[in-house]
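Student: Could we go through this chain together, step by step, with the sequence and the model side by side?

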Amino acid sequence: MSDRYPLRVYYEDTDATGVVYHANYLKYFERARTEWLEARGLDHMGLARDHKIVFTLADLRLAFKRPARLDDRLVVVTTALEPGRVRMVFKQEIWRDNSCLIQGEFTVACVNITTFRPARLPLVMTEER
């Protein structure tokens with residue numbers, strides 16, 4: 001099952017030509033993963049405070065297809081792939097209408113907030129929704 005996160009491209013997101021600056025796509029993907037987490041009843045601050053865990057990006061791959069532009073209405077589609085014990089892979093895409101603009105795959109690792117050693121993913125993240 002995939003989650004959808006709508007967003008709009010603002011002036012601050014673009015370069016001088018009105019095209020989304022490449023690093024801002026990473027912000028869009030991060031926001032969508034945060035929304036994915038919150039849809040499962042979790043939040044970053046609560047996990048750090050109550051469970052002493054945080055997430056770190058372990059790997060990412062991006063494939064740029066087409067540019068997003070100022071005032072575009074976009075949708076970030078997030079799909080969690082099979083989780084491991086301490087890692088989860090997310091497939092994410094950004095769409096404008098019926099056109100995929102960028103595809104990404106992100107490996108997120110769960111670590112202890114103090115030691116940064118691997119920690120188990122919360123059970124709710126590994127359950128099918």
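Student: What percentage of the 129 residues of the chain count as buried?

Tutor: This is a predicted model, in which local features need pLDDT of at least 70 and side-chain atom pairs count only at pLDDT 80 or more, while totals for chains, interfaces and linings use all residues. Residues are numbered from 1 along each chain as its sequence is written, and side-chain values use heavy atoms, with hydrogens and water left out. A residue is buried at under 20% relative accessible area, exposed at over 50%, and partly exposed in between, with a 1.4 Å probe and protein chains only as cover. By that rule, the share of the chain's 129 residues that count as buried is 38%.

Student: What radius of gyration does the chain have, and why does it agree with a compact globule?

Tutor: The radius is taken over C-alpha atoms, and the globule rule is 2.2 Å times the number of residues to the power 0.38. Because a compact globule of 129 residues would come near 14 Å, there is agreement with the chain's value, which is 16 Å.

Student: In which order do the elements of the chain run?

Tutor: Helices (H or I, at least four residues) and strands (E, at least two) are DSSP runs, numbered from the N terminus. The chain has 3 helices and 5 strands, and from the N terminus on their order is β-α-α-β-β-β-β-α.

Student: How far apart are the end C-alpha atoms of H1?

Tutor: Helix H1 covers residues 22-38, and the expected span of a helix is 1.5 Å times one less than its number of residues. For the 17 residues of H1 this gives 24 Å, which agrees with the distance between its end C-alpha atoms, 26 Å.

Student: Is Leu26 of that helix buried or partly exposed?

Tutor: Leu26 lies in H1, where the buried residues include Tyr25 and Tyr28. Leu26 itself has a relative accessible area of 34%, and therefore counts as partly exposed.

Student: Which residues does Asp59 touch, not counting those up to four places away in sequence?

Tutor: Asp59 has its place in strand S2, and with a relative accessible area of 35% it is partly exposed. Its C-alpha atom is separated by 7.2 Å from that of Val108, 49 residues apart along the chain. Taking contact to mean heavy atoms within 4.5 Å, and leaving out residues up to four places away in sequence, the residues that Asp59 touches are Glu105, Phe106 and Thr107.
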